[in-house]
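Trainee: Please give me a close look at the interior of this model. I would like one connected account, with each term explained when it comes up.

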Amino acid sequence: MRANVFRGVNQFGIEEVERPKAGPGEAVVRMTLTTICGTDLHIVRGEYPVKPGLVIGHEFVGVIEELGPGVESYQAGQRVLVGAVTPCGQCRACLSGLLSQCGHGGGHEALGGWRLGNTLNGVQAEYVRVPSAQANLAPIPDELTDEQVVLLADIASTGFSGAESGRVRIGDAVVVFAQGPIGLCASLGARLMGAALVIGVDGDENRLKMARRMGVDEVLDYRQVDVVREVKRLTGGGADVAIEALGTQGTFENALRCLRPGGTLSSLGVYSGKLELSYDAFAAGLGDHHVVTTLCPGGKERMRRLMEMVRGKRVDLTPLLTHHFKLDDIRSAYALFGERREGVIKVAIRP
C-alpha cells in the first residue's frame, strides 16, 4: 500500500509499504479521508520524537476491511470513525474512567493512549491497523458524510474537552487563546456548554475571520489590543474560564492573567522546553485559581456522542476543511499547512 512515511527531520513522503493484517482484537480499516494535524508538523520538524519508518497521521474515517479474532458486532464494509486516542478499555486507567490515559501507549507515558502515528503506524495511508478495535470502532450513521465527522477524531474531541475539563457553566464568560483548529473547537465547545460570552484571541486575520464565522462572540487581535485589559473590560473583571490552546509561555501566562479570582485555566496546548510561572500572573498563589490539563478523549462512545452532536445539527465543522489534496500530493499539503498559506485551517487528504 501507499503511505506517508517519516524518515528523519523534514524527510518524509509517500512510499510503498507492507499492507497491515488484523491480529487478535484488531481491525484493518481502508482509509477514505484523513487530515494533517499540528502534531504531525511537530513530528516532521523533529520537535516530537518518533522512530524513523513510522507512518504518520491520527485523524481519519474509513471502511472496515478485515476483522481479527475476538472483534464482534462489526462487519467488513462498515463505515467507521476511530478516535486519535485508542483506549484498550481494560487497563487500570480505562476502568477508572481515564480513557485518554490508557496504559498501552508505551514509551510516551505522558501522552497516554495516543498510539496511531506515534508508537504505531498511523493513518496517512491507504490502510491502517486499529488496536483494541472493539473499544474504538464507532459506526458512522448513514446520513453523515466523511467530511462531517473526520474532525471529531481529534481536534473536536480535544477542543470540546477544554471546555468540559474547565467546567464551563451556563452564563460563563470564556476566553480562548489561539483560534487554530483546536482553539476554534474549544470556542465552539464553550458555547455548547452554555457560555454566555466567548472571546477568541489570535494574531492571524484568517483565523480571526473563521472564529467570527463559527460564532465566537468577540475576537481580539493581540497585535492591536492589550488582551488582558480588554478581556477584563468585556467580562467585568475577568473570565470564568480561560482555555489555552497553543502551548506557549506567553499564552499560558496571559490566560492566567485574564481570570477572575476563583477562575479556571483549562490547558490544551502541548508545551516544549521550559514553562515558567510568573508569580503575578499566578496571583502569588492566592487567587483560588484552578489549572487543569486534558488529553484528547478517545474511544467509540466518545466518538458516538460527538457524531450525535453533528447529527443533531448542534455543530458543523465542515467549514474548517479549507483545502483538499490527494495522498500522493501530501508533501505539498504539509507545506501549505505548515506555512499557513491561503487561509488554511485544516487540510483533508484522500487516497
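Mentor: What follows starts with the division into domains, goes on to the core, and then follows the neighbouring parts.

The model is predicted, so local features need pLDDT of at least 70 and side-chain atom pairs count only at pLDDT 80 or more, while totals for chains, interfaces and linings use all residues. Residues are numbered from 1 along each chain as its sequence is written, and side-chain values use heavy atoms, with hydrogens and water left out.

The protein chain is divided into domain 1 (2–154 + 296–349) and domain 2 (159–293); such bounds come from an automatic or database domain assignment. The C-alpha centres of domain 1 and domain 2 are 27 Å apart. Where the two meet, 16 residues of domain 1 are in contact with 14 residues of domain 2, contact meaning heavy atoms within 4.5 Å.

Now the core. A nonpolar core is a set of buried Ala, Val, Leu, Ile, Met, Phe, Trp, Tyr and Cys residues joined through side-chain atoms within 4.5 Å. Buried means under 20% relative accessible area, exposed means over 50%, and partly exposed is in between, with a 1.4 Å probe and protein chains only. In soluble globular proteins, nonpolar side chains tend to be buried together. The largest nonpolar core here has 44 residues, and L81, L152, L317 and L320 have the most contacts inside it. At least two residues of this core come from each of α5 (155–165), β8 (173–177), α6 (181–192), α7 (205–213), β11 (239–244) and α10 (300–311). These labels are DSSP runs numbered from the N terminus: helices are H or I runs of at least four residues, and strands are E runs of at least two. Helix α6 gives the largest share of the core, 5 residues. The core lies between domain 1 and domain 2 because both give residues to it. As for L317, the residues that it touches, leaving out those up to four places away in sequence, are L151, L152, A156, C185 and L188. There is also a second, separate core, which has 23 residues and includes I36, L41, Y48 and V344.

L81, one of the residues with the most contacts inside the largest core, also leads to the strands. Its bridge partner in β7 is A138. Strands β5 (residues 79–82) and β7 (residues 138–139) run antiparallel and are joined by 2 bridges; two strands pair if DSSP finds at least two bridges between them. Strand β5 also pairs with strand β4 (residues 60–67), in the antiparallel sense over 4 bridges. In that pair, R79 of β5 is the bridge partner of V63.

Another antiparallel pair is made by strand β1 (residues 2–8) and strand β2 (residues 11–16), over 6 bridges. They form a hairpin with 2 residues between them, and N10 in the turn has a positive phi of about 60 degrees. A3 lies in β1, and its bridge partner in β2 is E15. A3 is buried, with a relative accessible area of 0%. Leaving out residues up to four places away in sequence, A3 touches G13, I14, E15, V17, V55, Q124 and A125.

Next come the cysteines. A disulfide is a covalent bond between the sulfur atoms of two cysteines. The cut-off used for a disulfide is a pair of cysteine sulfur atoms within 2.5 Å, and the structure holds 0 disulfides. For C37, the closest cysteine sulfur is in C296, and at 8.9 Å it is too far for a bond. C37 is buried at 3% relative accessibility, and C296 is buried with a relative accessible area of 5%.

C296 also has a polar neighbour. The side chain of S100 reaches the backbone oxygen of C296 at 3.0 Å. S100 is in the loop between α2 (92–95) and β6 (127–130) and is buried, with a relative accessible area of 12%. Residues up to four places away in sequence aside, those that S100 touches include V85, G112, L295, C296 and P297.

L95, for contrast, is in helix α2 and counts as exposed, at 63% relative accessibility. Leaving aside neighbours within four places in sequence, L95 is in contact with G89 and Q90.

Key:
A polar contact is a pair of N or O atoms within 3.5 Å; within protein, one must be able to donate a hydrogen and the other to accept it, and residues adjacent in sequence count only if both atoms are side-chain atoms.
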